[in-house]
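Open the structure in your viewer and keep the selection tool at hand. This tour goes stop by stop.

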Amino acid sequence: MGDKPYSDKSYSDKYDVIVVGAGPAGTAAAITCAKAGLNVIMIERGEHPGSKNVMGGILYRYPTEKIVPEFYKEAPLERHITEERVWLLSKDSAVKMGFKSTKFDEEPHNCFSVFRSHFDKWFAGKAVEEGVTLINETLVEDVIIQDGKVVGVKTNREEGELYADVVVAADGANSLMASSAGLHPEVRSETLALAVKEVYHLGREKIEDRFNIDSDGGVTIELLGDATQGMMGTAFIYTNKTTVSIGVGAFLSQMIKNKISAYDLIESVKTHPIVRPLLEGGETKEYLAHMIPEGGFRAIPQYIMDGMVLVGDAAMLVNSLHREGSNLAMTSGRFAAEAIIQAKENDDFSVKGLSLYKTLMEDSFIIKDLKKYKNADKFFEDHMQFFTLYPQLANDAALEFFTVDDVPKREKQKHIWRGITEKIPSWKLIMDLFHGWRVVK
Ligand SMILES: Cc1cc2nc3c(=O)[nH]c(=O)nc-3n(C[C@H](O)[C@H](O)[C@H](O)COP(=O)(O)OP(=O)(O)OC[C@H]3O[C@@H](n4cnc5c(N)ncnc54)[C@H](O)[C@@H]3O)c2cc1C
């Protein structure tokens with residue numbers, strides 16, 4: 001894909017920009033800087049970009065097009081998403097909601113299912129086309145700091161020190177760059193979700209029949225309630241061309257506390273009586289696990305220091321309520337690059353010189369959205385009934401409502417309400433719903 005062996009001595013040891021990590025955030029930053037004529041090196045620990053990366057994965061068109069216009073004409077995509085479904089699971093049933101639009105079938109599409117191992121490789125190839133030097137299979141082990149300013153990185157290669165005006169830390173959740181530079185004092189298990197994902201082969205025909213989709217369209221299903229065995233999190237099923245991606249994530253602190261392993265969690269989703277028929281006759285092709293930084297607004301570290309910026313997951317930029325991460329990663333990468341381009345013009349790579357990054361972030365949906373939900377995590381952590389009791393009550397109510405017998409409807413409604421208030425006082429339910437609405441409004 002145009003990357004060079006590390007031993008190639010034609011590399012200069014000093015670059016304008018070193019990007020650590022060739023995920024969506026790093027590659028977006030690299031492309032934007034290279035387009036402005038900067039000398040950029042991007043270092044990736046994987047065999048190739050994407051080889052170690054995990055995502056559900058729904059990729060959004062809008063932020064991607066800002067980096068590579070009309071990327072969808074050539075990028076390796078699976079299906080464009082035409083329908084978004086949400087299922088509230090109890091042990092043996094599901095209240096199903098969703099949204100389907102023919103507009104989602106029209107080009108340009110809103111979002112796509114992708115495999116990161118294919119997409120990231122292609123995306124990084126675009127960076128190489130713009131003149132970025134890409135080095136794979138190289139682990140960045142530390143930042144080099146002189147007089148309080150980041151001036152380069154240390155890699156695991158022999159003579160592996162590289163220098164630049166700016167380092168872009170795009171090394172994902174649990175960023176080694178951020179912690180080496182002292183920007184992540186301590187990543188707590190309460191701010192990280194552990195997610196596992198399987199790629200499950202079913203074949204095109206079964207997928208299109210079972211999910212009721214046509215040849216290019218796809219669906220997403222987010223599963224709440226019983227899917228996470230009473231823990232805070234969600235499960236998902238996304239359709240690809242011949243496979244489905246099925247996964248589940250929950251807060252690491254709760255998995256430790258409840259002694260539930262990631263393997264048990266995904267097995268319970270796959271064998272759930274409502275999910276199992278969708279998967280029948282298929283086989284697991286791949287099993288992956290990854291951390292998601294889900295601490296929200298309060299967990300965002302200082303993301304600019306002299307000579308370095310944090311982007312994407314390294315800066316804890318994930319909007320878990322909306323299943324958004326790749327778009328925040330790409331957009332923050334682009335914003336950081338715009339600030340670097342300005343800093344280069346002024347030859348000032350200090351926090352002040354890079355402050356355009358902060359301005360762009362704060363004016364954008366990234367900080368505005370994360371701020372909007374800043375109390376959501378704590379609220380739901382303190383009100384676990386949203387993951388346990390309430391999905392169960394919704395399913396009980398639906399079962400009674402849709403069961404035809406000789407009970408008059410008004411009596412049925414009264415009986416449903418009595419059943420609910422036996423489990424939770426009405427004032428408490430109303431308060432929970434009111435406060436729940438306030439933290440997401
Ligand atoms: C199971 C799961 C499902 C998800 N589903 C979705 C979804 O459907 N839609 C969505 O938008 N988001 C989703 N996300 C979130 C999304 O994947 C992330 O927010 C996004 O990938 C962040 O991009 P990034 O470039 O910041 O980090 P990453 O994608 O993590 O990329 C970091 C890169 O840095 C490299 N790297 C790390 N450390 C080093 C080092 N020391 N030296 C060199 N290279 C290094 C890694 O190999 C990797 O290539 C999901 C996440 C998970 C785990």
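Which atom of the ligand has a polar side-chain atom of Glu 44 beside it, and how many Å lie between them? Select Glu 44 and the ligand to find out. The partner is an oxygen atom of the ligand, 2.6 Å from a polar side-chain atom of Glu 44. Keep in mind that this is a predicted model.

**Stay at the ligand**

Select Gly 56 next. Here the backbone takes part: an N or O atom of it lies 2.8 Å from a nitrogen atom of the ligand. Now go to Ile 58. A backbone N or O atom of Ile 58 is 2.8 Å from an oxygen atom of the ligand. How much of the ligand does the protein cover? On its own, the ligand has 1,000 Å² of accessible area, and the protein covers 96% of it.

Widen the selection to the residues around the ligand. There are 34 of them. Glu 44, Ile 58, Arg 116, Asp 313 and Ser 326 come nearest.

**Colour the domains**

Give each domain its own colour. Domain 1 is made of three stretches: 14-78, 114-184 and 301-372. Domain 2 covers 190-293. Domain 3 covers 377-440.

**Go to where domain 2 meets domain 3**

Hide domain 1 for this stop. The C-alpha centres of domain 2 and domain 3 are 26 Å apart. Contact between them involves 7 residues of domain 2 and 7 residues of domain 3. Together the two domains bury about 580 Å², with 71% of that on carbon and sulfur atoms.

Which three residues should you select on domain 2 for the greatest share of its buried area? Pick Gly 225, Gly 230 and Met 232. These three supply 65% of the area that domain 2 buries against domain 3, more than any other three residues.

Look at the side of domain 2 that touches domain 3. Its residues are 3 nonpolar and 4 polar, with no charged ones. Now search for links between the two domains. The count of salt bridges is 0. The count of residue pairs in polar contact, both at pLDDT 80 or more, is also 0.

Definitions and conventions:
Residues numbered from 1 in each chain as written. Predicted model: local features only at pLDDT ≥ 70, side-chain atom pairs only at ≥ 80, totals over all residues. Heavy atoms only, no water. Domains from an automatic or database assignment. Contact = heavy atoms within 4.5 Å. Buried area = accessible area lost by both parts, 1.4 Å probe. Salt bridge = Lys/Arg side-chain N within 4 Å of Asp/Glu carboxyl O. Polar contact = N/O pair within 3.5 Å; in protein donor to acceptor, adjacent residues only side chain to side chain. Nonpolar A, V, L, I, M, F, W, Y, C, P; charged D, E, K, R; others polar. Near = heavy atom within 4 Å. Areas by Shrake-Rupley, 256 points an atom, 1.4 Å probe, with all protein chains shown as cover.
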